[in-house]
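Got your viewer open? Load the model, set it to cartoon, and let's take a walk through it stop by stop.

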Amino acid sequence: MGFIRRRWFQIFISGLVLLYVVEKAVITTNNPNFIPSVILLGSFLVPVTFITYLYENFPNWEGSLPPMAICFLWGGVVGTVVAGNLEYDVLKALGFLPMLGVGLIEESAKLIFPLAYYLQGRHRSLATGILLGTASGMGFAALETMGYSFVSLLESKGNLVVLDGVLLARGLLSPAGHAAWTGLICAVLWRERAKAGHTVFNWQVVKAFLTAVLLHALWDIFNSIGRATFIEFFILEVLSLLVAYTSIRLLNKRVREAQLPV
């Protein structure tokens, strides 16, 4: 029962309670002013919980909270804005390869702030790289979820069940999506620098980046294909879960590596 005293668990439970209270207020009063609070809490609950969980499991990282906060907030905002602007033209130009282009753009956009810290060279541990990468990925995921939630609310004409479905699905899977992909790239970046003793962009880094782009593209493809029958729905869901499992497993491997005594 020791996990009850962990900050990540306390954040998650308190966030759930707050989300329940706000949704109850929406249902009871039928006041749409509470809707933004529902979207905000639902979008940020899992990302903040996951980042806190990783933070507590890296007692040896040499950084401080401000770089994580900057990557989470600024990395998320700048990443979504840059990606959104670039994707508008790419989605029209690529034809049959739009998802690959989206994956390439978003994985690049999420690296802007972690890469800035990497090039500074002051934060050098593998744990720091993973934390900065996952923070940027989670900030991106939270803001993206807010956008999808808002659109789903409009399209469903204020249906809270639909909104909750979007928040739940995207929230639970966010650690195996944006966080895992950006965390993987940054983990390899920091690891290869530690091996070389200086800033390096070698084949291992390129391979990690291409892996993240491919996993991202596959995830988008499997979730954008129409599901006309139950068999098609089942197959695509299994394929999506396989991508999520592979992503989180690759990140977990890097996390275990970072937890080893130096």
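Before you click on anything, remember that this is a predicted model.

**Stop 1: the whole chain**

Colour by secondary structure. You should find 10 helices and zero strands, so to speak a run of α after α: the pattern along the sequence reads α-α-α-α-α-α-α-α-α-α. Now turn the model around. The C-alpha trace spans about 60 × 50 × 35 Å along its principal axes. How does the radius of gyration of the chain fit with that of a compact globule? A compact globule with 262 residues would come out near 18 Å, and the chain has 19 Å, which agrees.

Next, switch on the surface. Of the 262 residues in the chain, 44% are buried. If you look at contacts with a separation of 6 or more, 76% of them link residues that sit 24 or more positions apart.

**Stop 2: a loop**

Select Pro32. You'll land in the loop between helix H1 (7-29) and helix H2 (35-56). Is Pro32 buried or exposed? Pro32 counts as exposed, because its relative accessibility is 59% and the cut-off for exposed is over 50%. While you're here, add Tyr245 to the selection and draw a line from C-alpha to C-alpha. Pro32 and Tyr245 are 213 residues apart in sequence, and the line between them covers 37 Å.

**Stop 3: the largest pocket**

Time to look for an opening. The largest pocket has a volume of about 820 Å³. To get to it, select Glu144, Tyr148, Arg170, Trp219 and Asp220, which lie nearest its centre among the 35 residues of the lining.

Which helices should you colour to see the walls? Try H3 (65-93), H4 (98-109), H6 (126-155), H7 (160-173), H8 (178-196), H9 (203-224) and H10 (230-259), since each supplies at least two residues of the lining. Give H6 a colour of its own: H6 brings the largest share, with nine residues. Then recolour the lining by residue type, and you get 17 nonpolar, 12 polar and six charged residues.

**Stop 4: salt bridges**

The model holds six salt bridges, and we'll visit some of them. Show side chains as sticks for this part.

Start with Glu107 and Lys110. They form a salt bridge whose closest N and O atoms are 2.8 Å apart. Now check the surroundings: Glu107 has 0% relative accessibility, so it counts as buried. Lys110 is also at 0% and therefore counts as buried.

Move on to Glu192. The side chain of Glu192 meets that of Arg191 in a salt bridge, 3.0 Å from N to O, and both of these residues are buried. Keep Glu192 selected and add Lys195. Here is another salt bridge, with the closest N and O atoms 3.6 Å apart. Why are Glu192 and Lys195 separated by about one helical turn? Because they are three residues apart in helix H8.

The two ends of this pair have opposite settings. Glu192 is buried, with a relative accessible area of 6%, whereas Lys195 counts as exposed at 62%. Select Arg191, Glu192 and Lys195 together for the last view: salt bridges that share partners join the three into one network.

Technical notes
Residues numbered from 1 in each chain as written. Predicted model: local features only at pLDDT ≥ 70, side-chain atom pairs only at ≥ 80, totals over all residues. Heavy atoms only, no water. 1 Å grid on protein atoms, 1.4 Å probe; cavity = no way out; pocket = protein on both sides within 12 Å on 5 of 7 lines; lining within 4 Å. Points joined across faces, edges and corners; volume = space filled by probe spheres on them. Helix = DSSP H or I, 4+ residues; strand = E, 2+ residues; numbered from the N terminus. Nonpolar A, V, L, I, M, F, W, Y, C, P; charged D, E, K, R; others polar. Salt bridge = Lys/Arg side-chain N within 4 Å of Asp/Glu carboxyl O. Buried < 20%, exposed > 50% of the residue type's maximum accessible area, 1.4 Å probe, protein only. Rg over C-alpha atoms; globule rule 2.2 N^0.38 Å. Contact = heavy atoms within 4.5 Å.
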